[in-house]
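Work through these exercises on pockets. Keep the structure in view as you go.

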Amino acid sequence: PVLGPITLAPGESVPYTGSFIVPMDICDTTITNTVTARGFNSCNGSNVLSSATAVCPIVPVPKLTIVKRCPPNPVPPGGLLVYSGTVSNAGNVTLTNVTVVNDRPTNNTVVVTSTTLAPGQSLDFSGSYIAPYDCCGPCVDTLTARGYDKCGVTNTVATSSAACPRSTSPAIQVSRDCTAGPPMQGELTFFTGTVANTGNATLKNVTVTDDQ
C-alpha cells in the first residue's frame, strides 16, 4: 500500500510518496519499480487499472573500517608488543580478498590474509612485533586494510594508526682498570676501562671524564 483508499472526482489528482529498502549486496546499478493504481466506478462498480514503471539508479558502496588497539600496559624496547584490532565491512556489498598489513616491523607485514566480509560483518585480529630500541615512545604504527567489492568495480582502503605507550629504563655502567705495573712518581700512567649501556634505551652524547 502506498495511498488510499481515497475518492477522486473527475479531473482530480493527488500526489503520493512511497519508499522501500534497496536490496543489499547486489551488483546492479539500477532497480525497476512498478506502481499500480486501481479504482471503482461509483455508479456501476466497474474497475479501472493503470500501472507505471521507473528504472531508478542505485549505487553499490564498498567501504572498510579498521580499528587498532594497543596493549593494556606500556611495552619496553626489545619487548614483544601485542596489539589487536577489528576490520569491518561498513558498505553495502560483499568485499573479497580483504587483507590487513602493518608497517612494523617492516612495511606490508601481513596481519590478516585474504578473507571475505559480507555487509556488516567484522573480523577481530591480533598481531605483534618487537618494540624497537630507537623509539622512546609513544611510537606510531599504521594498519592498512584493503578489499575488493564482489562486483569487480573498485577496491577500498582503510587505515588506522595508534601510538602505543612504551616504558624505558635507561642505565649506564663504567669500569676502570689500572696498568699492569705501578708507575713511578713523575711518570705518565695509562688506564683503561669500558663504558656500557646496560638499559633498554639508546643513549646519546655519552661521555667519560676523569678526576685527574
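**Exercise 1.** Find which strands each supply at least two residues of the lining of the second largest pocket.

*Solution.* Look at strand E10 (172–177) and strand E11 (192–197): each supplies at least two lining residues. Strands (E, at least two residues) are DSSP runs, numbered from the N terminus. E10 gives the most to this lining, with 5 residues.

The model is predicted: local features need pLDDT of at least 70, side-chain atom pairs count only at pLDDT 80 or more, and totals for chains, interfaces and linings use all residues. Residues are numbered from 1 along each chain as its sequence is written, and side-chain values use heavy atoms, without hydrogens and water.

**Exercise 2.** State the volume of the second largest pocket, then describe its lining.

*Solution.* The volume is about 250 Å³. Of its 14 lining residues, Val 174, Ser 175, Arg 176, Val 208 and Thr 209 are the closest to the centre. By class, the lining has 5 nonpolar, 7 polar and 2 charged residues. Here Ala, Val, Leu, Ile, Met, Phe, Trp, Tyr, Cys and Pro count as nonpolar, Asp, Glu, Lys and Arg as charged, and the others, Gly among them, as polar.

**Exercise 3.** Do the same for the largest pocket, and find which strand gives the most to its lining.

*Solution.* Start with the volume: about 910 Å³. Next, count the lining: 26 residues, with Ile 6, Leu 8, Ala 37, Arg 38 and Gly 39 nearest the centre. Sort them: 16 are nonpolar, 8 polar and 2 charged. Strand E1 (30–40) and strand E2 (47–57) each supply at least two. E1 gives the most, with 6 residues.

Key: On a 1 Å grid over the protein atoms alone, a cavity is a set of points where a 1.4 Å probe fits but cannot get out, and a pocket is an open set with protein on both sides within 12 Å along at least five of seven lines; lining residues have an atom within 4 Å of a point. Grid points are joined across faces, edges and corners, and a volume is the space filled by probe spheres set on the points. Helices (H or I, at least four residues) and strands (E, at least two) are DSSP runs, numbered from the N terminus.
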